[in-house]
Amino acid sequence: MKVTLIPVTPFQQNSSLLVCEATGRAAVVDPGGDLDVIQGEIARQNVSVEKVFLTHGHIDHCAGAKTLASRYDVPIEGPHPDERFWLDKLPDQSTRFGFPAAEAFEPDRWLQNGETVQFGDEILEVYHCPGHTPGHVVFFSRAHRLALVGDVLFAGSIGRTDFPRGNHADLVRSIREKLWPLGDDVTFVPGHGPTSTFGAERRTNPYVCDGVEA
Ligand SMILES: [Zn+2]
Ligand SMILES: [Zn+2]
């Protein structure tokens, strides 16, 4: 699986283009905006988009999802149903954060913890990781030891929990109980900023490193 990070929107959100190299099939994770840039990368790699995956309902992660999915005529999968609250608020989020007008939408498929999503020959496991938002999900490729964690975890930090329905204790529990068991060797793509590994964060992340109380 080939992964290309495409920072989009004024928030420099890491949208990701995932490509199954065996089949040339692709999925786009968190197309928050700047669809011309994302579509340019899809065309440059000459791949066939099959799915749009969403980690959560914040505008910088999902504002472009519906338009992109319609352009390629593909389904949107994720996040967890507890995220309906944020997707319903997209028009309000767009005004508040100075984004182009965004309409509320529903994904074609809501995701539950323990389910899998698929594109080409690639399978991603789904983990429900509430805390930053109530219905946030993380996607994990066991074969490639790679996780797409949205705004749950960053290199050296963790997601904000001061939004409505955010919860710091839930977020720390999500990281420790859902992500760490996947393995120290796992590389993760955060919603913003550089990639890291779970092992590096367990050693040095001041919010969730081993030995630190939540
Ligand atoms: Zn967020
Ligand atoms: Zn974000």
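How many aromatic pairs does the structure hold? The structure holds nine aromatic pairs, where rings of Phe, Tyr and Trp (its six-membered ring) pair if their centres lie within 6.5 Å, and planes under 30 degrees apart count as stacked, over 60 as edge-to-face and the rest as tilted. One of them joins Phe 85 and Trp 86, an edge-to-face pair with 5.3 Å from centre to centre and 65 degrees between the planes. Elsewhere, Phe 11, Phe 97 and Phe 99 form one aromatic cluster.

This is a predicted model, in which local features need pLDDT of at least 70 and side-chain atom pairs count only at pLDDT 80 or more, while totals for chains, interfaces and linings use all residues. Residues are numbered from 1 along each chain as its sequence is written, chains are lettered from A and ligands numbered from 1 in the order in which they are written, and side-chain values use heavy atoms, with hydrogens and water left out.

The zinc ion (ligand 2) is coordinated by Asp 60 (OD), His 61 (NE2), Asp 151 (OD) and His 192 (NE2), at 2.1 to 2.7 Å; donors are N, O and S atoms within 2.8 Å of the metal (3.2 Å for Na, K and Ca), and sites may look incomplete because water is not among the atoms. Along the chain, the donors of this zinc ion (ligand 2) follow the spacing D-H-x89-D-x40-H. The pair His 61 and Asp 151 links distant parts of the chain, 90 residues apart: His 61 lies in helix H2 (residues 59–62), and Asp 151 in the loop between strand S9 (146–150) and strand S10 (153–154). Helices (H or I, at least four residues) and strands (E, at least two) are DSSP runs, numbered from the N terminus. Asp 151 also coordinates the zinc ion (ligand 1), which is 3.5 Å from the zinc ion (ligand 2).

The table gives the accessibility of four residues named above, where buried means under 20% relative accessible area, exposed over 50%, and partly exposed in between (1.4 Å probe, protein chains only).

| Residue | Relative accessible area | Class |
|---|---|---|
| His 61 | 0% | buried |
| Asp 151 | 5% | buried |
| Phe 85 | 18% | buried |
| Trp 86 | 4% | buried |

Both residues of the edge-to-face pair are therefore buried, Phe 85 at 18% and Trp 86 at 4% relative accessibility.
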